[in-house]
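Open the model in your viewer and keep the selection panel at hand. The stops below run from strand pairing to core packing.

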Amino acid sequence: MKIFVGLGNPGGEYAQTKHNVGFMLADKLARELDAGDWRSNFDALTAESFLDGEKILLVKPQTFMNLSGVAVGAVVNFYKVELSDLIVAHDDMDLPLGTIRLRAKGSSGGHRGVESIIEHLGGRQDFTRVRIGIGRPPENWAVNPHVLSPFFEEDAKKISAALEELVPATLCIFREGISRAMNKFNPKRQKNE
């Protein structure tokens, strides 16, 4: 069994904001996998599907971003999955807008939702990350208004393209594992970087 968690904030006013790109990817995967209806469980919305005979549980925590670990911890504990079978998708200000990066594990990088998940998993960080770049706030903007604002039209196109690329990337994680997916989908670094 694989558990895919897309991070975001519940409610229509947040639906198209930068902080909700994890929810956006979860919705795209639900359509791609022909998942069942979203249901309320574990302080989250969940939908189920199967891929090559393996159960996939899609999760959108409804606890607001900074408390995402409440829902994720409950799901992981209930299903008793290995953390290697947990995939978490979230926005990342440290990546340029529209850039994607897959990671096998790591710290929260200052992301409060990921921080909450690590806390509710007893400090463990060994779960897969799907990071979606939203860029840094414009000059004179604080972080909260940046992450809680919608994308400008030209930026929305870049995010849409990134989400399109992340559907096959996430399916590759499910089927072939994170190492193979990282090799296939992470942007190649330039030699002089």
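Two strands count as paired if DSSP finds at least two bridges between them. Keep in mind throughout that this is a predicted model.

**Stop 1: the β5 strand.** Select β5, residues 86-92. Is β5 enclosed or open? Seven of its seven residues are buried, so the rest of the structure largely encloses β5.

**Stop 2: the partners of β5.** Add β7, residues 128-133. β5 and β7 run parallel, paired over six bridges. To find one of the links, pick H90: its bridge partner in β7 is R131. Now add β1, residues 2-6. β1 also pairs with β5 in the parallel sense, here over four bridges. Pick V5 and look across to V88, its bridge partner in β5.

**Stop 3: V130.** Select V130 and show what surrounds it. Which residues touch V130 from beyond four places in sequence? They are L25, I87, V88, A89, H90, R101, L102, L166 and I173.

**Stop 4: the largest nonpolar core.** V130 is among the residues with the most contacts inside this core, along with F4, L25, L102, L166 and F174. The core has 37 residues. Colour the elements that give it two or more: α1 (21-32), β3 (44-51), β4 (54-61), β5, β6 (100-103), β7, α5 (153-176) and α6 (178-185). Which element gives the largest share? That is α5, with 10 residues.

**Stop 5: another core.** Apart from the largest core lies another, of 20 residues. Select V72, V76, L86 and L121, which are among its members.

Note on methods:
Residues are numbered from 1 along each chain as its sequence is written. This is a predicted model: local features need pLDDT of at least 70, side-chain atom pairs count only at pLDDT 80 or more; totals for chains, interfaces and linings use all residues. Side-chain values use heavy atoms; hydrogens and water are left out. A nonpolar core is a set of buried Ala, Val, Leu, Ile, Met, Phe, Trp, Tyr and Cys residues joined through side-chain atoms within 4.5 Å. Buried means under 20% relative accessible area, exposed over 50%, partly exposed in between (1.4 Å probe, protein chains only). Contact means heavy atoms within 4.5 Å.
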